[in-house]
Amino acid sequence: MNITWDADLYEKKFDYIRRYGADLVELLDAPAGSAVLDLGCGNGALTEVLRERGYRVMGLDSSPELLAAAQKNHEDIRFLRGDARDFVLDDTVDAVFSNAVFHWIDREDQDKMLNSVFQALKPGGQFVFEFGGHGNNALIHAALEKEFRQFGYEYHIPFYFPTIGEYAGRLERAGFKVTYAILFPRPTELFSDSGMADWIRMFVKTPFLGVTPEDREGIIEGAVERLRYPLEQDGTWYADYVRLRMKAVKE
């Protein structure tokens, strides 16, 4: 997906992506000194966490805005611009780590991405990742679909949210052995002034490409009101995240 990111807004209001991703790092148990690629590294916050764990790290991302922020904040880490669906490294690595990235990649491109990861890893290399799984943000997307229909538009979820079984099958066909998999709900507090409206504006972009600016604001406002009862508690907004966390090994 071709998404333009506001790097400052991403860092200030959506820092929870880094905080929750730091927990994912615990699943990576490669020896200190191992070479690790942070695939879809964003602003480099988790790349830094991986380095603090003793790994030799580099990051790869397709967003020039986020990569510029990453290089500015972490000058001594190597960051590469590349597409997760089709990337090639100069040398293979001991592990590939990725957080909150793969749901942005279209279903039909997933196998190509997994093949790129497989080729980037050394034999026995670890592949640790987390992204949106089956049921992720179901309430949010249902509200948006209703509001799009109210305004005379069709809404299509622009993300890929697979089940454990579906994605394990993809990994195995790519040559990986799955060693850990869990699908779990993770209601996530939204730390921003406008809560849900800010979240929609940041993360749900492609469905609005054919929508007029006036209708866009009306759709967002209507969706927020639909979501207020299930997802706002005492003035604080939560997103209904469901995460798919997995670990696989290159056989």
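These are figure legends for close-up views of one predicted model.

**Figure 1. The whole chain, before we zoom in.**
The chain has nine helices and eight strands. Picture a box of roughly 50 × 40 × 35 Å along the principal axes, and you have the space that the C-alpha atoms fill. A compact globule of 251 residues would have a radius of gyration near 18 Å, and the chain has 18 Å, so the two agree. Buried residues make up 53% of the 251 residues. The accessible surface comes to about 11,800 Å², and 48% of that belongs to carbon and sulfur atoms. Now look at the contacts with a separation of 6 or more: residues 24 or more positions apart account for 78% of them.

**Figure 2. Strand E8 and its partners.**
Strand E8 covers residues 236–250. How many of its 15 residues are buried? The count is 12, which leaves this strand mostly covered. E8 pairs with strand E6 (residues 176–189) in the antiparallel sense, through 13 bridges. To find one of the matched positions, go to Val-178, whose bridge partner in E8 is Ala-248. Strand E5 (residues 121–132) is also antiparallel to E8, with seven bridges. Here you can look for Phe-131, which has Leu-244 as its bridge partner in E8. A handy rule for looking at any strand like this: in a regular strand the side chains alternate between the two faces of the sheet.

**Figure 3. The hairpin of E7 and E8.**
Strand E7 (residues 232–233) runs antiparallel to E8, and two bridges join them. In one pairing, Gln-233 has Thr-236 in E8 as its bridge partner. Two residues sit between the strands of this hairpin. Asp-234 lies in that loop between E7 and E8. What is the sign of its phi? Asp-234 has a positive phi of about 50°, although it is not a glycine. Is Asp-234 buried or exposed? Its relative accessibility is 84%, so Asp-234 counts as exposed.

**Figure 4. Another positive phi, at Asn-137.**
Asn-137 sits in the loop between E5 and helix H6 (138–150). Its phi is near 55°, a positive value in a residue other than glycine. The relative accessible area of Asn-137 is 3%, so this residue is buried. Put this view beside the hairpin one: Asn-137 is buried, whereas Asp-234 is exposed.

**Figure 5. Helix H7 and what covers it.**
Helix H7 spans residues 164–173, and its buried residues are worth picking out: Tyr-167, Ala-168, Gly-169, Arg-170 and Leu-171 are among them. What covers the buried residues of H7? The cover includes H5, E5, E6 and E8. Just after the helix comes Gly-175, which takes a positive phi of about 110°.

**Figure 6. The largest nonpolar core.**
The largest nonpolar core has 30 residues. Those with the most contacts inside it are Leu-37, Leu-39, Phe-102, Val-117, Phe-127, Tyr-167 and Leu-171. Strands E1 (35–39), E2 (56–61) and E4 (93–99) each supply at least two residues of this core, and so do H5, E5, H7 and E8. Which element gives the largest share? That is H5, with five residues. For a single residue to follow, try Phe-127: among the residues it touches are Val-96, Phe-102, Leu-114, Val-117, Leu-171, Phe-176 and Met-246. A second, separate core has 27 residues, including Leu-190, Val-211, Ile-219 and Tyr-241.

**Figure 7. Ser-116 in helix H5.**
Ser-116 belongs to helix H5 (residues 110–120). Why does Ser-116 count as buried? Its relative accessibility is 6%, and the cut-off for buried is under 20%. Leaving out residues up to four places away in sequence, Ser-116 touches Ala-84, Arg-85, Asp-86 and Phe-87. With one of these there is a polar contact to look for: the side chain of Ser-116 reaches the backbone oxygen of Arg-85 at 3.4 Å. While you are looking at a helix, here is a rule to keep in mind: an α-helix has 3.6 residues a turn, so residues three or four places apart point the same way.

Definitions and conventions:
Residues are numbered from 1 along each chain as its sequence is written. This is a predicted model: local features need pLDDT of at least 70, side-chain atom pairs count only at pLDDT 80 or more; totals for chains, interfaces and linings use all residues. Side-chain values use heavy atoms; hydrogens and water are left out. Buried means under 20% relative accessible area, exposed over 50%, partly exposed in between (1.4 Å probe, protein chains only). Helices (H or I, at least four residues) and strands (E, at least two) are DSSP runs, numbered from the N terminus. Two strands pair if DSSP finds at least two bridges between them. A polar contact is a pair of N or O atoms within 3.5 Å; within protein, one must be able to donate a hydrogen and the other to accept it, and residues adjacent in sequence count only if both atoms are side-chain atoms. Contact means heavy atoms within 4.5 Å. The radius of gyration is taken over C-alpha atoms; the globule rule is 2.2 Å times the number of residues to the power 0.38. Accessible areas come from the Shrake-Rupley method with a 1.4 Å probe; for residues, only the protein chains shown count as cover. A nonpolar core is a set of buried Ala, Val, Leu, Ile, Met, Phe, Trp, Tyr and Cys residues joined through side-chain atoms within 4.5 Å.
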